[in-house]
Amino acid sequence: MKRLVLLGASGSIGEQTLDVIKQYPNEFELVALSVGHRLSCLQKAIADHPELKVICVQEEKDALSLKKDYPHLEITYGDDGLKLLSEMDYDVLVNALVGFVGFYPTVYALESGHDVALANKESLVVGGEVIQSILEKTGKKLYPIDSEHSAIFQCLQGENPKEVKHLWITASGGSFRELTREELKNVCVKQALNHPNWKMGAKITVDSATMMNKGFEVIEAHYLFGLPYDQIKVVLHPQSIVHSMVEFQDHSFMAQLGSADMRLPIQYALSYPNRWDLKQDYPFDPSLGVNLSFQEIDFVRFPLLRLAYEVGEKRGNQPILMNAANEVANLAFREGKLSFLDIENCIQDCLNYFPFETISTKEEVFHIHQEATSYCQKKWRKQ
């Protein structure tokens, strides 16, 4: 049995990971998990997984309360709790945390000799250079859970990476793909959270609407597959059936297709190199005559995607600043304190304010993130 630690069990990816584990109880042992504040999700997971040994929650008060109800479990909390889970004895860490908080657990897991099934985009966005160095030293593996990177990973099986001409990352266009820049000025949070294809958490759904999420995926792809940015393309694909494509030197394409179900890439990351049956209510059926369309990306319409390419090329502190500003602005928009288009303004302002710095350690990543977050909160998260 493969022993798993799951971080972010109460989020969208976390819940679907639990569903995959439930389908294969003889293949996985869930030894530890973390949640934020959704204790009802935690209580269900404890009931479903008597093999659990360690639990992490966000707040100390919740940890103290849970210790009374579950004296047989080790209950921890906060960043120290996430560190404990990342460094304990297990086989694979599933990092389904959202935001910068997921960076350190990825680092701790790899440094302590564990493979990571990665759904936390921010780990590679803010710390790609640091994590790349750790992977080279430890020989550990990152298995992508994002549907786009899983698709590329699947298409590359048995292929020579040196023969790749381009990676083609598909983008749905998000909730506002049909709107003009002028029409974006007055959009509201409810509209932004109405994604046409995927059911995701609030933060990532807004990131999808701004295309910041796709920019993160470009940076992720650079580090996961070792290709320069000019070989990583994004194409608009409204149906979200082709999850990504690989173009080879002879101009042949390989694509991975499937329904918009995140359990597929989750399960593949955990079962690799094997493929197991996946129970789906509505699996993709090409005989139904679904039309697939592709469109060139308009970088004027989606300026944050263009910015992500620029920031990725510069490296250093630039991706950290971009991510920190995006986290602040995304939350401020969801709180009604910032307009949708001001998300872009906040990110650009943060990049303009801080001078360029090179990065070599996880401590530097953390320090820059904290400084940028503080700056953006004071200036942009209006009270």
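This report walks through some salt bridges, a few annotated residues and one long-range distance in a predicted model.

**Salt bridges**

Let's start with the charged pairs. Searching the whole structure turns up 24 salt bridges. Three of them are laid out here, each with the distance between the closest N and O atoms.

| Pair | Closest N and O atoms |
|---|---|
| D89 and R3 | 2.9 Å |
| R3 and D91 | 3.2 Å |
| E87 and K83 | 3.1 Å |

R3 shows up twice in that table, so take its partners in turn. With D89, R3 makes a salt bridge whose closest N and O atoms sit 2.9 Å apart. That pair ties together distant parts of the chain: R3 belongs to strand β1 (residues 2-7), while D89 lies in the loop between α4 (78-87) and β5 (92-95), 86 residues apart. R3 also forms a salt bridge with D91, at 3.2 Å between the closest N and O atoms. Here too the link spans distant parts of the chain, with R3 in strand β1 and D91 in the loop between α4 and β5, 88 residues apart.

How open are these side chains? D89 counts as exposed because its relative accessibility is 55%, and the cut-off for exposed is over 50%. R3 has a relative accessible area of 24%, which means it is partly exposed. D91, at 30% relative accessibility, is partly exposed as well.

The pair E87 and K83 is a local affair. Why are E87 and K83 separated by about one helical turn? Because they are four residues apart in helix α4. Their closest N and O atoms are 3.1 Å apart. E87 is partly exposed, with a relative accessible area of 36%, and K83 is partly exposed at 30% relative accessibility.

Beyond single pairs, there's also a network of salt bridges, which links K121, D146, E148, K214 and E217.

**Annotated residues**

UniProt, in an unreviewed entry, lists G11, S12, I13, G36, N120, E122 and G201 under "binding site". Two of these get a closer look: I13 and E122.

I13 sits in helix α1 (residues 12-23). Is I13 buried or exposed? With a relative accessible area of 18%, I13 is buried; the cut-off for buried is under 20%. Which residues does I13 touch, leaving aside neighbours within four places in sequence? They are A96, A119, I145, M262 and I266.

E122 is in helix α6 (residues 121-138). At 5% relative accessibility, E122 counts as buried. Setting aside its neighbours within four places in sequence, E122 is in contact with V98, G99, F100, G127, K203, F216, N323 and E327.

**A distance across the model**

One last item concerns L331, in helix α13 (residues 318-334). L331 is partly exposed, at 28% relative accessibility. How many residues apart in sequence are L331 and L224? The answer is 107, and in space the two are 28 Å apart, C-alpha to C-alpha.

Definitions and conventions
Residues numbered from 1 in each chain as written. Predicted model: local features only at pLDDT ≥ 70, side-chain atom pairs only at ≥ 80, totals over all residues. Heavy atoms only, no water. Salt bridge = Lys/Arg side-chain N within 4 Å of Asp/Glu carboxyl O. Helix = DSSP H or I, 4+ residues; strand = E, 2+ residues; numbered from the N terminus. Buried < 20%, exposed > 50% of the residue type's maximum accessible area, 1.4 Å probe, protein only. UniProt positions renumbered as here; feature names shortened; annotations may be inferred. Contact = heavy atoms within 4.5 Å.
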